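Here is my note on how the protein and the DNA meet in this model, set out as numbered points. Please read it with the structure open beside you.

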Number of protein chains: 2
Amino acid sequence: MKTEQAMASFAALSQPTRLAAFKLLVRHEPEGLPAGEIATLLDIPHNTLSAHLSVLARAELVLSQRQSRSIIYRANLDAIQAVIQFLVNDCCVADSVTCTPLESTRSFCQPQQKKPENL
Amino acid sequence: MKTEQAMASFAALSQPTRLAAFKLLVRHEPEGLPAGEIATLLDIPHNTLSAHLSVLARAELVLSQRQSRSIIYRANLDAIQAVIQFLVNDCCVADSVTCTPLESTRSFCQPQQKKPENL
DNA sequence: TTGATATGTCCATATTATTGGAAATATAGA
DNA sequence: TCTATATTTCCAATAATATGGACATATCAA
């Protein structure tokens, strides 16, 4: 993962509404949630949420797909896994520190059930 | 780890100079580096760095200790480990996702040699 | 006590982020 | 087509953050 993308992810997750939205979407994997329902559940105006979702999307932490009139947002678990790997490999590896090899971080977030094909 | 502290950590790491400073300190574990040397190595004014180090310190990502005229900064590996755990447990755990249990993340950043007593 | 060194604090400026009203765009159904 | 619904974009006000010059504080050595 590039440093720029890691920083974009950190910036995205450093804002309360965005962190709440992301966690909400993680809890609603793999179906996702329409933007309007996220706004309702978090009790914030739809246009404010839209701005926050676009920040999350730019950081690639969420994916979206239009479904009829709604736009369904989903957490990008691969991306958050990459952020975790970045922290382990780029921020956590000191001369005097043993880290588990890169491969073993891959086991962190493995979907149990197949993701739907339509995203 | 509290959500507030996790967000403070994300905010701290989302700024290029601060991320560079933190990574530099990780690479210089466990001796740490004086503030002035960090400023020199990153080529930024000492007062600008001082402001950034105080953000990292407020997020508890770095620890400091005065040593004569210098103030030695060190990366707080326990804190970055806690951030990783936060991501795994709070952001990565969806209904359909298996994560390795909390304990196994502890093995990530284990110092090989004893830390010096004076911090 | 004086001078040099190391770092932090104060402050003003510049930049970026957040917020939400109003209008625009996209879709669906009658 | 017209209307309702879902979401985004535009825009302007406000708030937060970043930057670095000037000054303050802390330490040491002579």
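1. In what follows, Ala, Val, Leu, Ile, Met, Phe, Trp, Tyr, Cys and Pro count as nonpolar, Asp, Glu, Lys and Arg as charged, and the others, Gly among them, as polar. By that scheme the surface near DNA strand D has five nonpolar, 10 polar and four charged residues, where near means that a heavy atom of the residue lies within 4 Å of the strand.

2. This is a predicted model, in which local features need pLDDT of at least 70 and side-chain atom pairs count only at pLDDT 80 or more, whereas totals for chains, interfaces and linings use all residues. Residues are numbered from 1 along each chain as its sequence is written, chains are lettered from A in the order in which they are written, and side-chain values use heavy atoms, with hydrogens and water left out.

3. DNA strand D is surrounded by 19 residues, and the closest are Gly36(A), Tyr73(A), Asn47(B), His52(B) and Arg69(B). Of the strand D atoms within 4 Å of the protein, 62% belong to sugar or phosphate and the rest to bases.

4. A polar backbone atom of Gly36(A) is 2.6 Å from a phosphate oxygen of DNA strand D, and a backbone N or O atom of Ala35(A) lies 3.1 Å from a phosphate oxygen of that strand.

5. Around DNA strand C there are 19 residues, the closest being Asn47(A), His52(A), Arg69(A), Gly36(B) and Tyr73(B). A side-chain N or O atom of His52(A) is 2.6 Å from a phosphate oxygen of strand C, while a polar side-chain atom of His46(B) lies 2.9 Å from a base oxygen of strand C.

Methods. A polar contact is a pair of N or O atoms within 3.5 Å; within protein, one must be able to donate a hydrogen and the other to accept it, and residues adjacent in sequence count only if both atoms are side-chain atoms.
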